[in-house]
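Q: I am new to this structure. Please take a close look at one part of it, the surface that faces the nucleic acid, and then connect that part to its surroundings.

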Number of protein chains: 2
Amino acid sequence: MVTNQSKISPEFIQNAARILKTLGHPQRIKIVEYLEDGEKTVGQIHRNLDLIQPIVSQHLKVMLDSGIVSYRQEGTRYFYSLANAFIIKILSCMSDAQEMISKGEWTLEHHENN
Amino acid sequence: MVTNQSKISPEFIQNAARILKTLGHPQRIKIVEYLEDGEKTVGQIHRNLDLIQPIVSQHLKVMLDSGIVSYRQEGTRYFYSLANAFIIKILSCMSDAQEMISKGEWTLEHHENN
DNA sequence: GTTTTATATAGTAATAATACTATATTTCAA
DNA sequence: TTGAAATATAGTATTATTACTATATAAAAC
């Protein structure tokens, strides 16, 4: 019986899992993509992506808690933006994956979930 | 009222969400890391990572359904391996993120969840 | 001061994910 | 043909997530 011995740190695992899990939601991916070209207000996200406002706030809160986004307040407006450039790298990494999938080099069952 | 108009395809969003969500679990990340240097049996994963056997099977099934792993059977043994080289790219992408986090360039609250 | 706008927060029902125990299935060996 | 080994599957309680409605808060406009 070999004892648990992974070369990777528990912190890495926890952080990675957290970030990946948070990004693993269709609407949140949409929001992140939308934020790619700069900060947006909750209302802009809500109207532009056609998502219910409290749901947008809820997703933004989840992403805020995971360090995916940050915000600044200006009067009654909240401008949300991506917390760092890395978020985009993750998604562009996924774009490459999508290319593989499109080419049929990667098959994954596609379960519908919003 | 602008209509929902994202440049990215719904398929991309669904696929990316699916993959990210599936990878967004500490134990599954461990398993993927462990599989990085080649196929392993369920028992090896179970013993080496000190995870309960049915849970390993369960995680493997989830990852199989998302196209993260594949397997070949040999007698009573099931050898699981990463479905493609891309999985690792995603994790190495996360390693870079971890570096940012370590350096304090990326702050994220750290909630404990196994 | 009252209304409106923008957004957050509370509360909650419905659904999904997780961890776990127990058991079934399959294959191989004695 | 019996037993053991390897793994899957069933069943389930617990917990987390999601989507949603209603409401609170706070700033700005009137």
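## The surface near DNA strand C

A: The residues of the surface near DNA strand C divide into twelve polar, eight nonpolar and two charged. This is a predicted model, and everything below should be read as such. There are 22 residues around DNA strand C, and those that come nearest are A:Thr41, A:Gly43, A:Pro54, A:Ser57 and B:Gly75. Helix H4 (53-65) of chain A gives the most to this surface, six residues. At least two residues each come from helix H3 (42-48), helix H4 (53-65) and strand E3 (77-82) of chain A, and also from helix H4 (53-65) of chain B.

One of the nearest residues, B:Gly75, leads into chain B. B:Gly75 belongs to the hairpin of E2(B) and E3(B), where two residues lie between the strands, and its phi is positive, near 65°. The two strands of that hairpin, E2 (residues 69-74) of chain B and E3(B), run antiparallel and are joined by six bridges. Within this pairing, B:Gln73 has B:Tyr78 in E3(B) as its bridge partner. Strand E3 (residues 77-82) of chain B also pairs with strand E1 (residues 40-41) of chain B, again antiparallel, through two bridges. There, B:Lys40 stands opposite B:Tyr80 in E3(B).

Both chains supply residues to the surface near DNA strand C, and the two chains also touch each other: 47 residues of chain B are in contact with 48 residues of chain A. On the side of chain B that touches chain A, H1, helix H2 (26-35), helix H3 (42-48) and helix H5 (86-102) of chain B each supply at least two residues. H1(B) has the largest share of that side, with eleven residues. By class, that side of chain B has 23 nonpolar, 15 polar and nine charged residues.

One helix packing shows how H1(B) meets chain A. Helix H5 (residues 86-102) of chain A packs with helix H1 (residues 10-23) of chain B at an angle of about 110°, and their axes are 10 Å apart. Because of this angle, H5(A) is roughly perpendicular to H1(B). Their crossing is right-handed. From H5(A), the residues that meet H1(B) are A:Met94, A:Ser95, A:Ala97, A:Gln98 and A:Ile101, and their counterparts in H1(B) are B:Phe12, B:Asn15, B:Ala16 and B:Ile19. This contact of H5(A) with H1(B) has six nonpolar and three polar residues and no charged ones.

Notes. Residues numbered from 1 in each chain as written. Chains lettered and ligands numbered in written order. Predicted model: local features only at pLDDT ≥ 70, side-chain atom pairs only at ≥ 80, totals over all residues. Axes fitted to C-alpha atoms, helices over the stretch in contact; angles between N-to-C directions. Helix = DSSP H or I, 4+ residues; strand = E, 2+ residues; numbered from the N terminus. Parallel < 35°, antiparallel > 145°, perpendicular 65-115°, else oblique. Left-handed = near helix turned anticlockwise from the far one by under 90°. Contact = placed C-beta atoms within 7 Å. Nonpolar A, V, L, I, M, F, W, Y, C, P; charged D, E, K, R; others polar. Pairing = 2+ DSSP bridges. Near = placed C-beta within 6 Å.
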